[in-house]
Amino acid sequence: MNDSLSPASSDTSRRRWLTVGIGALAALGGAGFALWRLQPQPVRDGAAEALWGASFDGPAGEAVRMASFQGKPLLLNFWATWCPPCVDELPLLNRFHAEHRAKGWQVVGLAIDQPSNVRQFLQRLPLDFPVALGGLAGSDIGRALGNEKGGLPFTVLFGADGNILKRKMGQLTAQDLQEWSKTL
């Protein structure tokens with residue numbers, strides 16, 4: 001008698017396929033949920049105005065007034081020293097700033113972190129673009145801009161007119177920045 005045709009073998013094969021099917025559905029569902037979670041939520045009414053009206057301290061105690069960045073494209077990056085993807089993308093943002101500032105682009109890092117941590121970090125990795133100490137007010141602005149979960153990094157691209165053009169939850173890539181730079 002051939003075992004491959006036995007009822008027990010057929011049941012085992014069906015169970016195996018059922019298990020594989022359920023596993024595949026669970027994986028797809030999990031991936032879909034993760035993608036949904038990483039998508040920025042709608043921007044709240046008045047969020048851009050709140051940002052442009054905000055003022056933060058800089059690492060050296062200087063005022064960083066967001067209104068001073070209006071009128072030119074702005075890449076606003078929410079980050080923290082304790083966030084590995086944030087730290088990984090900072091050199092990329094620094095290069096982008098160096099390559100595009102002559103074309104009118106601006107980059108601002110809004111640190112959602114303890115001021116002392118940011119100061120120590122910037123001593124080890126100086127950045128050429130302005131950094132603002134966001135604190136709770138920075139977190140609130142991030143949420144208003146669609147980062148409801150407060151995840152980091154979170155980046156928002158504003159046009160010269162102050163309108164939001166692009167947003168991304170998670171680490172930026174060189175390809176993201178290349179595509180975004182063509183937006184304007």
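**Exercises on Asn-94 and strand 6**

In this predicted model, a polar atom of the Asn-94 side chain lies 2.8 Å from the backbone nitrogen of Asp-128.

**Exercise 1.** Determine where Asn-94 is placed, whether Asn-94 is buried or exposed, and which residues Asn-94 touches beyond four places away in sequence.

*Solution.* Begin with the secondary structure, where Asn-94 is found in helix 3, spanning residues 84-100. Next take the relative accessibility, which is 14% for Asn-94, and because buried means under 20%, Asn-94 counts as buried. Then list the contacts: leaving aside residues up to four places away in sequence, Asn-94 touches Pro-126, Leu-127, Asp-128 and Phe-129. Finally, return to the 2.8 Å separation between the Asn-94 side chain and the backbone nitrogen of Asp-128, which falls within the 3.5 Å cut-off for a polar contact.

**Exercise 2.** Work out how strand 6 (residues 154-158) is covered on its two faces, and which strands are joined to strand 6 by bridges.

*Solution.* Start with burial, for which the count is 5 of 5 residues in strand 6. Sorting these residues by side places Phe-154, Val-156 and Phe-158 on one face and Thr-155 and Leu-157 on the other, all of them buried. Turn then to the pairing: strand 3 (residues 74-79) runs antiparallel to strand 6 and is joined to it by 5 bridges, with Val-156 as the bridge partner of Leu-76. Strand 7 (residues 164-169) is likewise antiparallel to strand 6, again through 5 bridges, and here Phe-154 has Met-169 as its bridge partner. To finish, inspect the hairpin of strand 6 and strand 7, in which 5 residues lie between the strands and Gly-162 takes a positive phi near 90°.

Notes:
Residues are numbered from 1 along each chain as its sequence is written. This is a predicted model: local features need pLDDT of at least 70, side-chain atom pairs count only at pLDDT 80 or more; totals for chains, interfaces and linings use all residues. Side-chain values use heavy atoms; hydrogens and water are left out. Buried means under 20% relative accessible area, exposed over 50%, partly exposed in between (1.4 Å probe, protein chains only). A polar contact is a pair of N or O atoms within 3.5 Å; within protein, one must be able to donate a hydrogen and the other to accept it, and residues adjacent in sequence count only if both atoms are side-chain atoms. Contact means heavy atoms within 4.5 Å. Two strands pair if DSSP finds at least two bridges between them.
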